[in-house]
Amino acid sequence: DYKQLVDKAYEKHNLDKEEIERLLMPENSEDEAYLFKKADQLRHETVGDFVHLRGLVEFSSHCRRNCNYCGLRRDNTSLLRYRLSPDEIVDIAHNAAMLGYKTIVLQSGEDEFYTADIISDIIRRIKQNDDVAVTLCIGERSYEEYKLMRQAGADRYLLKFETANPEHYAAMHPDMNYDDRIRCLMMLKDLGYEVGSGNIVGLPGQTIAHLAEDIMLLKELDVEMAGIGPFIPHSNTPFRGEAMGTLEMTLRVVAIVRLMLPYANIPATTAVGTIHPQGRQKALMAGANVVMPNVMPSQYRPRYEIYPSKICIGEQPANCRMCIEGIIRSLGREVGTDYGSYKAGQ
Ligand code: SAM
Ligand code: SF4
Ligand code: FES
């Protein structure tokens with residue numbers, strides 16, 4: 001039955017597609033609670049009770065892509081775009097380090113204004129100032145570019161595959177292709193980045209089978225990080241009026257990914273905190289062990305509108321830092337004090 005299948009996942013970390021589909025559809029709340037409980041238990045036993053914070057720097061809202069779900073897509077002409085100078089980026093990262101962040105995430109739309117040389121300089125300057133790990137989340141680039149940025153000191157890279165089903169991928173991404181996405185992930189692995197990938201839960205046209213394929217692909221890629229967030233419709237995209245992803249399904253995917261990838265770093269995403277006031281807390285109790293608070297000055301925050309009603313829009317970095325520590329402590333957990341790197345099987 002359901003609980004036996006959860007136990008199997010907890011012990012073997014290996015399920016086939018049909019078994020994952022069954023776990024995604026518990027028949028009652030008791031079964032679902034058992035899934036979350038075992039994922040939380042495994043999280044405690046593998047990656048422990050520290051919650052690692054990543055300071056998120058959203059340094060440019062310009063994007064050459066046109067992903068159907070995203071508010072930064074290039075056809076959204078109502079967005080007032082911005083680009084930070086390297087000096088500003090380095091300053092924001094330094095302020096984050098002063099607030100205690102041990103990882104800086106540099107994220108943007110796919111903005112070719114920032115060449116690999118420019119990004120490399122920024123990484124070097126950040127690392128000269130402070131003892132931090134640097135994660136990049138800037139989309140698809142060439143092997144050479146990934147290599148330059150890795151040599152400059154980038155430790156990790158986040159590139160979600162968004163959906164593991166090639167036809168579904170094509171329907172979400174009018175100007176990208178699935179094979180390129182996977183090729184980029186392979187290049188990043190090859191270059192020794194800690195690689196993060198993941199999906200969006202509740203994308204239009206998504207089925208339970210698709211979600212099971214997403215989880216299988218995360219396992220196959222053996223990612224060091226898995227980002228799982230609900231779809232939130234944006235009115236200036238083709239997906240306006242579509243249904244939002246649900247909290248329940250997002251939490252189930254988080255929990256199953258924890259059972260399948262015991263040592264992965266799994267964030268309680270900003271998106272899950274946006275669809276429910278306790279969303280991040282619930283994710284942290286269903287397998288997640290990372291949070292990525294925004295460290296941008298508040299004047300830029302409304303202008304990086306991936307989806308509407310994003311949390312923390314009016315906050316300053318210090319507020320979010322205190323708020324998140326309160327949340328973590330309220331769950332009986334501690335803020336991580338090291339880089340929070342991937343710890344395989346220790
Ligand atoms: N441009 C880079 C990329 O796509 O990898 C990084 C920035 S992009 C805004 C970061 C993530 O936002 C994407 O991987 C996607 O999963 C997520 N995202 C975009 N639009 C979303 C939406 N409407 N709902 C939920 N997540 C969304
Ligand atoms: Fe651009 Fe990333 Fe948004 Fe796609 S998800 S439109 S690549 S910012
Ligand atoms: Fe930003 Fe709570 S994390 S206000």
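Visitor: Over how many bridges do strand 1 and strand 8 pair?
Guide: Before we count, this is a predicted model, in which local features need pLDDT of at least 70 and side-chain atom pairs count only at pLDDT 80 or more, while totals for chains, interfaces and linings use all residues. Residues are numbered from 1 along each chain as its sequence is written, chains are lettered from A and ligands numbered from 1 in the order in which they are written, and side-chain values use heavy atoms, leaving out hydrogens and water. Strands (E, at least two residues) and helices (H or I, at least four) are DSSP runs numbered from the N terminus, and two strands pair if DSSP finds at least two bridges between them. Strand 1 meets strand 8 (residues 290–291) in the parallel sense, and the number of bridges is two.

Visitor: Which residue in strand 8 stands opposite His52?
Guide: Strand 1 covers residues 50–53, and strand 8 is its parallel partner at residues 290–291. Looking across from His52 into strand 8, you find Val290.

Visitor: And in strand 9, what is the bridge partner of Phe50?
Guide: Strand 9 (residues 334–335) runs parallel to strand 1, and two bridges join them. One of the facing pairs is Val51 with Val335. For Phe50, the partner in strand 9 is Glu334.

Visitor: Which are the edge strands of this open sheet?
Guide: The open sheet has three strands with parallel pairing, in the order 8-1-9. An edge strand pairs on one side only, and that description fits strand 8 and strand 9.

Visitor: Which helix gives the most to the largest nonpolar core?
Guide: A nonpolar core is a set of buried Ala, Val, Leu, Ile, Met, Phe, Trp, Tyr and Cys residues joined through side-chain atoms within 4.5 Å. The largest one here has 110 residues, and those with the most contacts inside it are Leu106, Leu136, Tyr146 and Tyr193. Ten of its residues come from the helix that gives the most, helix 10 (residues 247–260).

Visitor: How many residues are in the other core, apart from that one?
Guide: This other core includes Leu56, Cys137, Met225 and Met292. Its total is seven residues.

Visitor: How many salt bridges does a search of the whole structure find?
Guide: A salt bridge is a side-chain nitrogen of Lys or Arg within 4 Å of a carboxyl oxygen of Asp or Glu. One example joins Arg124 and Asp121, with N and O 3.3 Å apart; both residues lie in helix 5 (residues 116–129), three residues apart. For the whole structure, the count is 27.

Visitor: Why does Arg124 count as partly exposed?
Guide: Buried means under 20% relative accessible area, exposed over 50%, and partly exposed in between, using a 1.4 Å probe and protein chains only. Its salt-bridge partner Asp121 is partly exposed as well, at 44%. Arg124 is partly exposed because its relative accessible area is 40%.

Visitor: How many residues apart are Arg156 and Glu194?
Guide: These two form a salt bridge, with the closest N and O atoms 3.3 Å apart, and both are buried. Arg156 sits in strand 5 (residues 156–158) and Glu194 in strand 6 (residues 194–201), and the distance along the chain is 38 residues.

Visitor: What is the relative accessibility of Arg181?
Guide: Arg181 and Glu162 meet in a salt bridge, N to O 3.7 Å. Arg181 lies in helix 8 (residues 178–190), while Glu162 is in the loop between strand 5 and helix 7. Glu162 is buried at 9%. Arg181 counts as buried too, at 6%.
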